[in-house]
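Q: Please take a close look at the shell around the ligand. Which residues come nearest, and which helices supply the shell?

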Amino acid sequence: MAAPATDYLAQYDAATDGEKFPLVYRWMVEEPLPFFKTLREQRPILVTPECTLVTRFDDVCEVLLLPTIFTVALYKPKMADGIYLMAHDDDALHTREKSLMQALLNRDELPSVRAMVADIGKKILDQSGTSIEVVNDFCRTVPATLVQDYFGLNGIDKKELIEWSYWSQYDTFHNQPFDPISAEQKRNIEERHDQTGKLLNKFITELIVRRSLALGLENANVVRRLWLKLRIGLRLLMGKPHDATLRDDIVTRMLRTSFPDAMDFDIKRLGVNAGGLLIGAIETTSQAVAQALQYLLQHPELLEQAKIAAAREDTHAFDGIVWEALRFVPIASYLFRKTSSAYIAANGTDYATTIPSGSYVLALTQSAMFDARAFANPEEFIPDRNWYHYFHFGFGSHECLGKYIGMVMIPEMIRQVLLRPGIQGLGTIDYKDGPFPENYQLTWH
Ligand code: HEM
């Protein structure tokens, strides 16, 4: 039976060292909000034998703003000893590759990305009649289609893309030393990640060869290329949109751009970053959409508000409802880091705490999103809160590369579902004992 909120710390203190973290982990999963509230009020930084929990808004920000002290070392073994920018802390590779990728994902295109998401989502729902198993057939399929059509990772079954993102996310975010799963489960997740990682590498290599050949042919045909460019130029001069006669997606854009050797962004680095786009996009979006959708469907008064906002052309109010829903059901309640040196957190306060070098630290972002310091009346559902205080896409130097895409993709997907008349959930999300939503039936008329 769940412990009354006031008992958490008494139970924790009475537990043996071996029992402490499993107890904490259980509360984090089963009753996060009252547990986090108790910690924020009574023990804002809790040092357990396995991990240190940081709960208040200011301290979570501090942890996430000091990347070479609170490092992403735990990502390294999950990414071939740090092949991807995400496993690098404030170094040359991280700065260079993240900023290049941010520029390639041109934010000016977000309205057309949103329109693309709306179109993909609407088609799926139209074809589904009046019911859908929304996790696989929508929450995963829409971002996988965007990965093909906008990022340009095409020529492959969406199911493969979904599988590759799934195992990478599973191993990276839910197979860490502090995750309470058996050694056999750990091995199985690692093996699946390893197998799917090899398939992804093979696919990316073939994609680059295929696309480079196509671009080579396009370049070789100088007259056709000049004609196409002239046509695009004329359309733009006449105020008409680019008609995309010349292929353009992110991978194509990467291959069309030639970087001098001094920039260290050769074809191998290009491939690694193309793979990163896929890994980041699918399972995160799926989980966020499924959970926020269920939250709204389970709260009739919010559902009504959301439906009214969904029908408006201006999506600002609708998006605010989605971000607020996600505060109650985020894709994770924490981001994890490992300290590279000892650090006094919350220095100068009456709960200043020395976190030893080599500690695992859980920055409890969900707890920070219920700290009254930044979220007035935190228990209330208030849709037009200050966007900058949310942690849905991380914070600091590792803030999500796909943030702006996620910011249009997630609410637009939910909007398309809520626009179906009489929409309702049949039962609840089935996680099948894993960390991600796996099955959720919806119906409408
Ligand atoms: C749309 C495509 C997406 C791509 C390409 C993408 C990619 C990435 C990358 C590369 C990073 C690491 C950045 C760094 O280390 O500097 C990252 C971080 C992050 N992403 Fe995304 N992501 C996407 C979507 C999402 C979505 C939908 C969510 C949540 C709803 C999300 C949540 C996060 C979070 C919380 C972090 C921070 C991780 C940390 O600080 O350790 N991402 N993402």
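A: Start with the closest contacts in this predicted model. Of the 23 residues around the ligand, Gly280, Gly394, His398, Cys400 and Gly402 come nearest.

Next, the helices. Two of them, H13 (267-297) and H17 (403-418), each supply at least two residues of the shell. H13 gives the most, with seven residues. Gly280, one of the nearest residues, falls within the 267-297 range of H13.

Then the chemistry. The shell divides into 13 nonpolar residues, nine polar and one charged. Glycine is counted as polar here, so Gly280, Gly394 and Gly402 belong to the polar group. Cys400 goes with the nonpolar residues because cysteine is classed that way.

For the backbone, two residues deserve a separate look. Most residues other than glycine have a negative phi. Asp81 is not a glycine, yet its phi is positive, about 60 degrees. Asp81 sits in the loop between strand E3 (70-71) and helix H5 (92-104). Asp81 counts as exposed because it has 8 C-beta neighbours inside 10 Å, and the cut-off for exposed is 12 or fewer.

Ala346 also has a positive phi without being a glycine, at about 55 degrees. Its place is the loop between strand E6 (343-345) and strand E7 (353-355). Ala346 has 16 C-beta neighbours inside 10 Å, so it counts as partly exposed.

Conventions: Residues are numbered from 1 along each chain as its sequence is written. This is a predicted model: local features need pLDDT of at least 70, side-chain atom pairs count only at pLDDT 80 or more; totals for chains, interfaces and linings use all residues. A residue is near a molecule or strand if its C-beta atom, placed from the backbone, lies within 6 Å of it. Helices (H or I, at least four residues) and strands (E, at least two) are DSSP runs, numbered from the N terminus. A residue is buried if 20 or more other C-beta atoms lie within 10 Å of its own, exposed if 12 or fewer, and partly exposed in between; C-beta atoms are placed from the backbone.
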